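This report covers the fold, the surface and a few individual residues of one chain. The sequence and structure come first.

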Amino acid sequence: SKPLEGFRSLDEIAATLLGFVYCVLLFCFIPKIFLLPVTTADGLPAASFYLIHLVAVTKMTDTGAYLVGSAIGKQKLVPHVSPGKTWQGFWGSLVFAVGGSYAAWWLLGDRVPLLDGVSAGILGLVLALVAVLGDLAESIMKRSLAVKDSGHVMPGIGGFLDLIDSIIFTAPVYYFFLRLAA
């Protein structure tokens with residue numbers, strides 16, 4: 001009985017450390033983006049506008065996956081990891097993300113001079129792929145911990161982690177894009 005308790009404690013420590021790394025370290029890229037010395041075409045601080053673009057693309061990914069998957073989703077994407085995700089939802093997430101990226105880029109205009117038509121499209125596609133992987137990673141973590149939702153912040157959506165799972169994966173990618181483009 002004693003050795004099993006030791007392994008259980010080790011599992012709990014490992015899960016806590018993974019949660020810290022997963023949430024805190026990845027989420028730290030959001031303030032890192034906010035603190036980047038990027039400017040608008042007029043020379044004014046622009047980091048907040050890039051954050052708006054990041055959130056818009058990431059949330060459009062989630063929205064596209066949900067709407068298209070709910071409407072026409074038939075073929076399961078990875079049923080043993082997340083039974084509700086479908087290939088149709090995946091393709092919907094890509095289309096919505098690229099469309100959302102172009103829409104946000106157009107609306108933000110000169111306030112995001114590091115973006116152009118090509119980078120907005122490519123960034124939308126890359127962020128969508130990373131967001132889907134982030135969502136699947138959270139599903140794997142929840143399944144391994146035997147929990148359905150990571151809380152009950154909003155009915156039908158789940159907990160706080162369910163709301164930010166994709167953005168904590170897209171923020172590091174966006175940060176490195178801005179660092180390379182600046």
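## Leucine 107

Leucine 107 lies in helix 4, which spans residues 87-108. The model is a predicted one. With a relative accessible area of 57%, leucine 107 counts as exposed, because the cut-off for that class is over 50%.

Histidine 53 is 54 residues away from leucine 107 in sequence, and their C-alpha atoms are 9.6 Å apart in space.

## Elements and contacts

The chain holds seven helices and two strands. Read from the N terminus, the order of elements is α-α-α-β-β-α-α-α-α. The two strands thus follow one another in that order, with three helices ahead of them and four after.

Counting contacts between residues at least 6 apart in sequence, 66% join residues that are at least 24 apart.

## Burial and surface

The chain has 182 residues, and 37% of them are buried. Its exposed area is about 10400 Å², of which 73% is supplied by carbon and sulfur atoms.

## A nonpolar patch

Phe20, Val21, Val24 and Leu25 make a nonpolar surface patch of about 330 Å². Phenylalanine 20 belongs to helix 1, which covers residues 2-27.

Is phenylalanine 20 exposed or partly exposed? Its relative accessible area is 44%, so phenylalanine 20 is partly exposed. That value falls between the limits for buried, under 20%, and exposed, over 50%. Patch members need over 30% relative accessible area, and phenylalanine 20 at 44% meets that cut-off.

Key. Residues numbered from 1 in each chain as written. Predicted model: local features only at pLDDT ≥ 70, side-chain atom pairs only at ≥ 80, totals over all residues. Heavy atoms only, no water. Patch = residues over 30% accessible without salt bridge, like charges linked within 9 Å, V, L, I, M, F, W, Y side chains within 5 Å. Areas by Shrake-Rupley, 256 points an atom, 1.4 Å probe, with all protein chains shown as cover. Salt bridge = Lys/Arg side-chain N within 4 Å of Asp/Glu carboxyl O. Buried < 20%, exposed > 50% of the residue type's maximum accessible area, 1.4 Å probe, protein only. Contact = heavy atoms within 4.5 Å.
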